[in-house]
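Biologist: Could you take a close look at one enclosed space in this model for me? I would like to know which residues line the second largest cavity.

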Amino acid sequence: MPTMLSIIVFIVLFSSMAPTMSQGVALDLSPPMSHAVAFDFSPLMKIYVNGTIERLIGKSSVPPSLDPKTGVQSKDVAISRKRGISARLYLPNTITNSTTNSTQGKLPLLVYFHGGGFCVEHASSPTYHNYLNSLVAAANVVAVSVDYRLAPEHPLPIAYQDSWAALNWVSSHFDGGNRSEEWLSRYADPQRVFFSGDSAGANIAHQMALTLGSERLNGFKLNGIVLVHPFFWGSQPVGAEATLPVVVSLYMTALWRFVNPSSFGPDDPLFNPAMDPKLRELGCGKVLVFVAGKDALKDRGLYYGDVLKKSGWKGVVEVIETKGEGHVFHLFNPSNKNSEAMLEKIVSFLHQS
């Protein structure tokens, strides 16, 4: 893919990330590679003709900790050592020893899936660690941030499979047995579970809720999902997509085919929910979608809300547009008034009966 294409798409899709792209990112200071670039998916990654993969963002990590600003505690757990699936768990500072094994006094559980085009970022990156600390503190919830394996080393549908394995792990720890994870069995309410994610992570959250609609998991009830700037697309433009530079659609489609080489294209139901005949089976009662005014994915998120309403699904969906902002702006500028407004809305959503 030509470098010029990546530059144009960077300006259109990720302009809001530019001022903060270097914050919390471990820069690659190794000598420049002399090999030609085979695939250029800037600002995410480059793949060279010799097979070398250069991730451009999301490479650094921070350990779990007791966050001094929010008082939120975190720790890492292994879900499958053999498959390399893990998660980072978060507890708010409101947790006390008086919390019992009964559901009374327990907190909602949020399962979070990070973004990054299915190919960069991870649960322990500074970006997501800081965001989860803030979200858990503000919402007073227990959280599980899933660390799924990344493409291209682990192409889709592996990220979906890993995420489903994580949900099975969560479900298995609500029985209160001797081997149960205490942070879940003791503090989280299995009847108030939510999924959320941004960008590719929002795509995963949707797919997990859809899978849950047909493949029930014993042990918890999914109340709703929060999709922030979901990474959906399709072969036919919707809304104002027809006015975008043609390279935007080329980039979206090329990235999807790269991370999911077994897919037949942009109308794969995994990428275009409007093409999914099972959309009406979404396994929750409410959905909250955020789109950003300057994000090329905006109209696809609006379209998702419309299609979901018309699908026969019995729940309630709300779509909120943030004017003047770009893709995942809230991660890179959390003190922005629009970021704070988004956080307040998510907090309210997680505590609605």
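Modeller: Happy to! The second largest cavity is lined by F232, N272, P273, A274, R300, Y303, Y304 and V307. Here a cavity is a set of points, on a 1 Å grid over the protein atoms alone, where a 1.4 Å probe fits but cannot get out, and lining residues have an atom within 4 Å of a point. Please keep in mind that this is a predicted model, in which local features need pLDDT of at least 70 and side-chain atom pairs count only at pLDDT 80 or more, while totals for chains, interfaces and linings use all residues. Residues are numbered from 1 along each chain as its sequence is written, and side-chain values use heavy atoms, with hydrogens and water left out.

The space in this second largest cavity comes to about 40 Å³, a volume being the space filled by probe spheres set on the points, which are joined across faces, edges and corners. By this rule there are 2 cavities of 30 Å³ or more. Its lining divides into 6 nonpolar residues, 1 polar and 1 charged; Ala, Val, Leu, Ile, Met, Phe, Trp, Tyr, Cys and Pro count as nonpolar, Asp, Glu, Lys and Arg as charged, and the others, Gly among them, as polar.

For contrast, take an open space: the second largest pocket has a volume of about 160 Å³. A pocket is an open set with protein on both sides within 12 Å along at least five of seven lines. Q207, L210, T211, S214, E215, D276, K278 and E281 line this pocket, and they divide into 1 nonpolar, 3 polar and 4 charged.
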